[in-house]
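Let's take a walk through this protein, starting from the inside and working outwards. Keep the 3D view open as you read.

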Amino acid sequence: LGPVTRVETRFDGEPLAAITDPNQLETALLNLCVNARDAMPDGGLIRISAHHETLEEDNSQQLAPGDYVCLTVSDDGEGMDEETLAKAAEPFFTTKGVGKGSGLGLPMVHGLAAQSGGRLILKSRLGEGTTAELWLPAAEAPAVQEFVPQAEETDAANRPLNILAVDDDALVLMNTAMMLEDLGHSVHEVTSGKAALAVLESGEPIDLVVSDHAMPGMTGSQLALAIHMIWPDLPVILATGYAELPRGSAIDLPRLAKPFSQKELAKAIAEVVRR
């Protein structure tokens, strides 16, 4: 988060366990902290806290009654007015300026909360900072699960791959790399099509390319065409938030709609490898 950002944690003494995907939760927390940092360009304090709460019927969080863990990230940054706050979790909405944000961070957090049976609640006032509350259903009791080795998979789609991840948005690239590494793959990260071609030309062994489409200089589809001309057997998955690729795309590419989950990413990789 940088040297001018301080982080303070506040947790109850009791162990807390929530029903959610742990890796996506880590990514969500990183997203919230990066947003908080960006809202304080001159530095400041980010407070991370968590507590257990039992919600009754007709609660202000608009959640089903029951036990929840509330993970909170707050800052004293620029804050948002009511209009911006209402749009903050919409896909591709960002206030960070061209090239500084994809508008996919908060939708990813919102999606995790929803699929876990919880909710993301944002509270903010212009000039007074922002608080993000991630409400997740509480687990009955924290437990250490015994590791049970699984039988080796013979399906080639499950083997570890060397994957080249390409995205001009550093945060989205980080999220993608984390999901790929959690799936057991080795990841090379680059932020442009030109850099991706340089990696391939260096002789680095790459099994698969996962690339963003809307990038300056060279789009993902243009990168895929260049790859296809020189390395015709190297598969490319195109990640895009657009409904259709531009007309004139020369090759048919497997696509992954943004924002995507780790499950959707794994499925796309499996389908490409089996081809």
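**Starting from the core**

In this predicted model, the largest nonpolar core is made of 19 residues, and L32, I46, I48, V73, V109, L120 and L134 have the most contacts inside it. Several elements feed into this core: helix 1, strand 2 (44-55), strand 3 (66-75), helix 3 (105-115), strand 4 (119-124) and strand 5 (130-137) each put in at least two residues. As a rule, nonpolar side chains in soluble globular proteins tend to be buried together. For a close-up, click on L120. Setting aside residues up to four places away in sequence, L120 touches L106, V109, H110, A113, A132 and E133.

Now pull back to the whole chain. It has seven helices and 10 strands, and 42% of its 275 residues count as buried. Take the contacts with a separation of 6 or more: 68% of them are between residues 24 or more positions apart. On the outside, the accessible surface comes to about 15,400 Å², with 50% of that belonging to carbon and sulfur atoms.

Strand 3 is a good one to trace next. Eight of its 10 residues are buried, so the strand is mostly covered. On one side of the pairing list is strand 2, which runs antiparallel to strand 3 and is joined to it by 10 bridges; T54, for instance, has D67 in strand 3 as its bridge partner. Strand 3 also runs antiparallel to strand 5, with eight bridges between them. There, V73 has A132 of strand 5 as its bridge partner. V73 is also one of the core residues with the most contacts, and A132 is among the residues that L120 touches.

What about cysteines? C70 has a relative accessible area of 1%, which makes it buried, and C33 counts as buried too because its relative accessibility is 7%. The disulfide count comes to zero.

The loop between strand 2 and strand 3 holds D58 and Q62. Both have a positive phi without being glycine: D58 is near 55°, and Q62 is near 60°. Are they buried or exposed? D58 is exposed, with a relative accessible area of 79%, and Q62 counts as exposed at 63%.

Past the other end of strand 3, in the loop between strand 3 and helix 2 (82-87), you'll find G79. This glycine is buried because its relative accessible area is 17%, under the 20% cut-off. Beyond its neighbours within four places in sequence, G79 is in contact with S124, R125, L126, G127, G129 and T130. G79 and A36 are 43 residues apart in sequence, yet their C-alpha atoms are 9.4 Å apart in space.

Finish at helix 7 (residues 262-274). In the loop between strand 10 and helix 7 sits P259, which is joined to K258 by a cis peptide bond with omega at about -10°. At 1.5 Å a residue, the 13 residues of helix 7 should span 18 Å, and the end C-alpha atoms are indeed 18 Å apart, so expectation and model agree. Q262, L265, A268, I269, A270 and V272 are buried in this helix. In an α-helix there are 3.6 residues a turn, so residues three or four places apart point the same way. The cover over the buried residues of helix 7 includes helix 1 (22-38), strand 6 (162-166), helix 4 (170-182), strand 8 (208-212), strand 9 (236-240) and strand 10 (255-257).

Definitions and conventions. Residues numbered from 1 in each chain as written. Predicted model: local features only at pLDDT ≥ 70, side-chain atom pairs only at ≥ 80, totals over all residues. Heavy atoms only, no water. Helix = DSSP H or I, 4+ residues; strand = E, 2+ residues; numbered from the N terminus. Expected span 1.5 Å × (residues − 1). Buried < 20%, exposed > 50% of the residue type's maximum accessible area, 1.4 Å probe, protein only. Contact = heavy atoms within 4.5 Å. Core = buried A, V, L, I, M, F, W, Y, C linked by side-chain atoms within 4.5 Å. Disulfide = S-S within 2.5 Å. Pairing = 2+ DSSP bridges. Areas by Shrake-Rupley, 256 points an atom, 1.4 Å probe, with all protein chains shown as cover.
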